[in-house]
Amino acid sequence: MTSAATDGRRAARKALLLSLMSAGLFVLAISAGKAPHALAVIEQIYTLPFEGIYDITCPFGPYSQCPGGGSGTHYGTDYQLGDPNVGDHPVLAAKRGTVKVCPPEFPGAGYYIAINHGNGHNTRYLHLSRTVVTDGQTVERGAVVAYEGNSGTSAFHLHFETRHGAGTFTCLSGTAVDPYYSGTYMWRTNPPSMRGADWNGDGCADVLARWTSNTHLYMYRGNCAGGFVPGDPIQIGTNWGGVNWMIRPGDFSGDGCPDILARWSSDSQLYLYKGNCAGGFIPGGPGQAGTGSWAGVNWIDGPGDFSRDGCPDVLARWSSDSQLYLYRGNCAGGFIPGGPSQAGTGSWAGVNWIVGPGDFSGDGCPDILARWSSDSQLYLYKGNCAGGFIPGGPSQAGTGSWAGVNWIASAGDFSAFECADVLARWSSDSQLYLYRGNCAGGFIPGGPSQAGTGSWAGVNWVF
């Protein structure tokens with residue numbers, strides 16, 4: 001998918017991000033002109049309003065930096081998403097707020113919306129092909145609000161603005177500031193896997209489950225408050241009994257919607273089921289993700305963009321040596337050629353549960369949580385944003401034994417406090433409990449809270 005030159009640019013940008021993070025500055029610099037496949041998700045009070053790799057075709061600042069040049073100032077950042085000849089890539093709310101559907105107030109804007117985030121903060125989204133929100137609607141961070149288009153212009157792209165300043169909210173409220181860095185505002189990273197937990201595009205993390213009784217796949221819609229929307233579940237798949245492993249890696253296909261990877265018992269191949277950002281799947285059935293059998297793998301997990309190249313990855317433990325290996329996704333439904341690389345050193349044979357919750361430590365890199373058989377404690381392995389782990393070994397995540405837990409699932413930001421959370425089912429009552437992450441490698445004090453009501457004993461897969 002990528003050329004050697006593109007891989008080199010990715011490596012250079014990754015090194016820049018790591019150096020800034022080590023200095024305590026969560027800022028991503030943009031060079032003049034095009035910035036191919038810039039890194040992951042950036043946030044101060046916002047996240048980037050899309051998933052997947054992208055090109056910056058015109059940065060914030062003088063138009064002289066943009067293709068074709070020109071005079072004056074470009075008050076936003078232009079992102080080319082997905083296929084430059086197609087458009088229609090999902091556009092996401094950068095933060096919770098109230099929508100204003102805007103008229104074409106100036107030439108070239110096309111269809112656009114603004115979102116009021118309160119306290120004088122708002123964002124704008126221009127050149128849309130269509131919107132899926134209404135004026136005055138409240139949306140959650142990460143909710144699908146529109147689709148990329150070329151209205152008001154010739155090239156498919158999203159023009160995104162961040163604006164700050166008190167006063168009555170209008171489509172043009174506030175002063176436009178650089179969405180990456182502007183004097184007062186420092187941005188920090190937020191892994192794509194946090195978005196990957198939202199299956200239906202409403203901005204709240206959801207849970208998928210397969211029931212033993214009929215082997216169907218169901219969606220439990222999260223309510224952005226640590227529980228579920230009343231009336232669920234909703235059936236989203238039929239007869240998944242032949243699947244012996246399922247993960248949600250995030251947007252594995254690069255179309256802006258979270259996907260599912262599933263290994264079937266019949267051939268031990270890994271298949272991609274493309275989500276449609278609306279609680280279902282894109283028609284046409286699954287496609288094979290990569291080639292070769294995964295029969296020798298005894299654990300598979302989707303940690304998000306573990307290598308920090310802009311594409312979600314997969315971690316797998318092989319029975320032959322009990323090592324953990326990284327398979328780098330290519331943002332096109334498959335893996336980067338060259339085979340897997342070892343993630344860390346040493347055997348993982350003593351681990352009986354592995355889950356990737358996203359950035360659990362708050363340093364901007366996706367992490368891994370693992371439960372060891374020897375003491376049934378849950379340990380944090382901090383990712384290094386380069387396909388491995390930070391030296392020094394794991395640290396304990398919380399206190400107390402997790403021996404009574406028979407299922408652990410990554411929940412994204414299930415409580416909507418902008419930290420990665422964990423869901424656990426206890427053997428004692430088969431209830432599902434929420435453990436709220438504290439963005440510092442542990443859990444918020446006070447113990448877990450019950451997520452929804454009723455027994456989950458009849459569920460044989462939760463993810």
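Trainee: Where is the place of Asp206?

Mentor: Asp206 falls in the loop between helix 2 (192-196) and strand 16 (207-211). Helices (H or I, at least four residues) and strands (E, at least two) are DSSP runs, numbered from the N terminus. This is a predicted model, in which local features need pLDDT of at least 70, side-chain atom pairs count only at pLDDT 80 or more, and totals for chains, interfaces and linings use all residues. Residues are numbered from 1 along each chain as its sequence is written, and side-chain values use heavy atoms, with hydrogens and water left out.

Trainee: Why does Asp206 have no salt bridge?

Mentor: A salt bridge needs a side-chain nitrogen of Lys or Arg within 4 Å of a carboxyl oxygen of Asp or Glu. For Asp206, the nearest side chain of opposite charge is Arg248, at 5.3 Å, so the cut-off is not met. In this count Lys and Arg are positive and Asp and Glu negative, while His and the chain ends are not counted. Asp206 is buried all the same, meaning under 20% relative accessible area, where exposed is over 50% and partly exposed is in between (1.4 Å probe, protein chains only).

Trainee: What lies 2.9 Å from a polar atom of the side chain of Asp206?

Mentor: The backbone nitrogen of Gly222 does. A polar contact is a pair of N or O atoms within 3.5 Å; within protein, one must be able to donate a hydrogen and the other to accept it, and residues adjacent in sequence count only if both atoms are side-chain atoms. At 2.9 Å, this pair is therefore inside the distance limit. Asp206 also touches residues beyond four places away in sequence, including Trp199, Met219, Tyr220 and Arg248; contact means heavy atoms within 4.5 Å.

Trainee: Which residues form a salt bridge with Glu161?

Mentor: Arg124 is one partner, at 2.9 Å from N to O, and Arg163 is another, its closest N and O atoms being 2.7 Å from those of Glu161. Both distances are within 4 Å, so both pairs pass. Arg124 and Glu161 are both buried, and Arg163 is buried too.

Trainee: How far apart in sequence are the parts that Arg124 and Glu161 tie together?

Mentor: They are 37 residues apart, because Arg124 lies in strand 10 (residues 121-131) and Glu161 in strand 13 (residues 158-164). The structure holds seven salt bridges.

Trainee: What makes Arg328 partly exposed and Asp309 buried?

Mentor: Arg328 has 29% relative accessibility, so it falls between the two cut-offs, whereas Asp309, at 1%, counts as buried. Their side chains meet in a salt bridge of 2.9 Å, N to O.

Trainee: Why is Ser376 called buried?

Mentor: Its relative accessibility is 14%, so Ser376 is under the limit for buried. Ser376 is in the loop between strand 28 and strand 29, a hairpin with five residues between the strands, where Ser376 takes a positive phi near 60°. Beyond its neighbours within four places in sequence, Ser376 is in contact with Arg371, Ser401, Trp402 and Ala403.

Trainee: How do you know that strand 28 and strand 29 pair?

Mentor: Two strands pair if DSSP finds at least two bridges between them. Four bridges join strand 28 (residues 367-372) to strand 29, and the strands run antiparallel, so the test is met. One example is Ile368, whose bridge partner in strand 29 is Tyr381. Strand 29 is also joined to strand 30 (residues 395-396), by two antiparallel bridges, and there Tyr379 has Gln396 as its bridge partner.

Trainee: What covers both faces of strand 29?

Mentor: In strand 29 (residues 378-381), Leu378 and Leu380 on one side and Tyr379 and Tyr381 on the other are all buried.

Trainee: What makes strand 18 and strand 35 edge strands?

Mentor: Each pairs on one side only. They belong to an open, antiparallel sheet of four strands in the order 18-17-16-35. Strand 17 (residues 217-220) meets strand 18 over three bridges, and one bridge links Tyr218 with Gln235 in strand 18.
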